[in-house]
Amino acid sequence: MNVGGKHYRTIWLKDGDAHVVQLIDQRWLPHSFVIEEVATTAQMVTAIHEMHVRGAGLIGAAAGYGMYLAALEGVERGCLDANLTSSAVSLKAARPTAVNLSWAVDRQLEEMRRALNPQQKLARALATAMAIAEEDAAYCRRIGQHGVALIEEIAQRKNGKPVNVLTHCNAGWLAFVDHGSATAPIYAAHEAGLAVHVWVDETRPRNQGSKLTAWELGQHGVPHTVITDNAGGHLMQRGEVDIVIVGTDRTTYTGDVANKIGTYLKALAAADSNVPFYVALPSSSFDWQIKDGLREIPIEQREPDEVKHADGWADGRQIEVRITPEGSAAANYGFDVTPARLVTGLITERGICQANEQSILALFPEHAP
Ligand code: MRU
């Protein structure tokens, strides 16, 4: 997608130097656009853990490149297999909820397992890292092509008045390699000339909505309004939301959806106000092993300090301030699980399905038991 009129992806191999991966360091957005160079697996683990990169698809792509860097290090030091094993463990432990992380690491291990010698393993690791990134972008584009039909239908009913979409957190192109999942239908609608307006939940405590989603929609010229996390229910009751589209970090094959904390409350409000609630995801975000999302999806708990502090831009630099009483404890649950019964449908690269086992497996029969 575009930044200042120039096309960027969120992660790529450095032109002319196959030892370096470049990525957009999201910690500084929207105030500064910083590109970070990552040259070791340990640096990639840090980039994922400390959220220089975040969002399900991008975490998967970063893990793919992380395993490629592990292969490079292993070949250079003559300890390829041991390095791959230990790197796989550290990458998988970097963040627990997004299933794309372990999916990408396992895909790399499986590809390399079939190679005959270290050089072949290295070549496969590079090809697989690039393939994971390419697929992520292509699948998100297809999610847009399928999801735009939902927006078109509402636009027709509203006789061309703007379609109001509410989204939570950032499931935009910054959360993937390109296009995004929840935003892909929005970008497709905007490009097709449909009037669309996005309610952007700010998404405390890290504010991925007000910092990232608002920034990328703005860069692309999509009308949007940032709202506090608690405003969505009020807007839905007043008929000011036509459709909710969110992303997901992990969705069970039965349709339970883990997404950024607060998503469940939006789904409850949407059900109460008869607003359709859709989840957009590439197949890499399905967990084909887990049946019961509430009990089985690991929920990341992050540092309480993220709740106690807020950061922003003042006097030409990013500053952080404490916003709670000094002695108050804080808890920081990163994700929640929205049960399948509250989800109107899933928008995938293969089409739209219902959030239940039968409908999901009809689209992805290769995962049927
Ligand atoms: O903690 P993050 O920023 O990595 O969380 C991921 C998210 O941005 C959201 O949960 C998103 O809606 C799903 S990821 C495509």
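In the predicted model, three strands form an open sheet in the order β3-β4-β5, and their pairing is antiparallel. Strands β3 (11–13) and β5 occupy the edges; each has a single partner strand, so one side of each is left without a neighbour in the sheet. On average, and with direction ignored, neighbouring strands of this sheet are turned by 25° against each other. The antiparallel pairing of β4 with β5 extends over five bridges, and Gln22 is placed opposite Glu37 in β5. Helix α1 (residues 41–49) lies across β3, β4 and β5 and runs at about 140° to β5.

The loop between β4 (21–25) and β5 (34–38) contains Pro30. The peptide bond that leads from Leu29 to this proline, Pro30, is cis, with omega near 5°. A cis peptide bond also joins Arg204 and Pro205, where omega is about 5°. Pro205 is located in the loop between β7 and α7. Thr203 belongs to the loop between β7 and α7 as well. The phi of Thr203 is positive, near 70°, in a residue other than glycine. With a relative accessible area of 0%, Thr203 falls under the 20% limit and is therefore buried. Most residues other than glycine have a negative phi, and most peptide bonds are trans. Against that background, a positive phi of about 70° is also found at His179, which is not a glycine. His179 is situated in the loop between β6 and α6.

Helix α6 spans residues 183–191, and its buried residues are Thr183, Ala184, Pro185, Ile186, Tyr187 and Ala189. These buried residues of α6 pack against helical and strand elements, namely α5, β6 (163–167), β7 (196–201), α7 (208–219), β9 (243–246) and β17 (345–348). Thr183 is part of helix α6. Its relative accessible area is 2%, which is under 20%, so Thr183 counts as buried. When residues up to four places away in sequence are not counted, Thr183 touches Ala171, Gly172, Trp173 and Glu216. Helix α6 is followed by Gly193, which has a positive phi near 85°.

Helix packing is further illustrated by α4 (residues 100–113) and α5 (residues 118–157), which pack at an angle of about 145° with their axes 9 Å apart. The crossing of these two helices, α4 and α5, is right-handed. On the α4 side, the contact involves Trp103, Ala104, Arg107, Gln108, Glu111 and Met112, which meet Lys121, Arg124, Ala125, Thr128, Ala129, Ala131, Ile132 and Glu135 in α5. Classified by residue type, the contact of α4 with α5 comprises seven nonpolar, two polar and five charged residues.

A further buried loop position is Ser283, which is located between β12 (277–280) and β13 (286–287). The relative accessible area of Ser283 is 16%, a value under the 20% limit, and the residue is therefore classed as buried. The side chain of Ser283 makes a polar contact with that of Glu349, at 2.5 Å. With residues up to four places away in sequence left out, the residues touched by Ser283 are Tyr139, Trp288, Glu349 and Phe364. Glu349 thus appears both as the polar partner of the Ser283 side chain and among the residues that Ser283 touches.

Strands of a sheet pair through backbone hydrogen bonds, either parallel or antiparallel. The antiparallel sense applies to strand β14 (residues 309–314) and strand β15 (residues 317–322), which pair over six bridges. Within this pairing, Gly312 is positioned opposite Ile319 in β15. The hairpin of β14 and β15 has two residues between the strands, and Asp315 in this hairpin takes a positive phi near 50°.

Notes
Residues numbered from 1 in each chain as written. Predicted model: local features only at pLDDT ≥ 70, side-chain atom pairs only at ≥ 80, totals over all residues. Heavy atoms only, no water. Pairing = 2+ DSSP bridges. Helix = DSSP H or I, 4+ residues; strand = E, 2+ residues; numbered from the N terminus. Buried < 20%, exposed > 50% of the residue type's maximum accessible area, 1.4 Å probe, protein only. Polar contact = N/O pair within 3.5 Å; in protein donor to acceptor, adjacent residues only side chain to side chain. Contact = heavy atoms within 4.5 Å. Axes fitted to C-alpha atoms, helices over the stretch in contact; angles between N-to-C directions. Left-handed = near helix turned anticlockwise from the far one by under 90°. Nonpolar A, V, L, I, M, F, W, Y, C, P; charged D, E, K, R; others polar.
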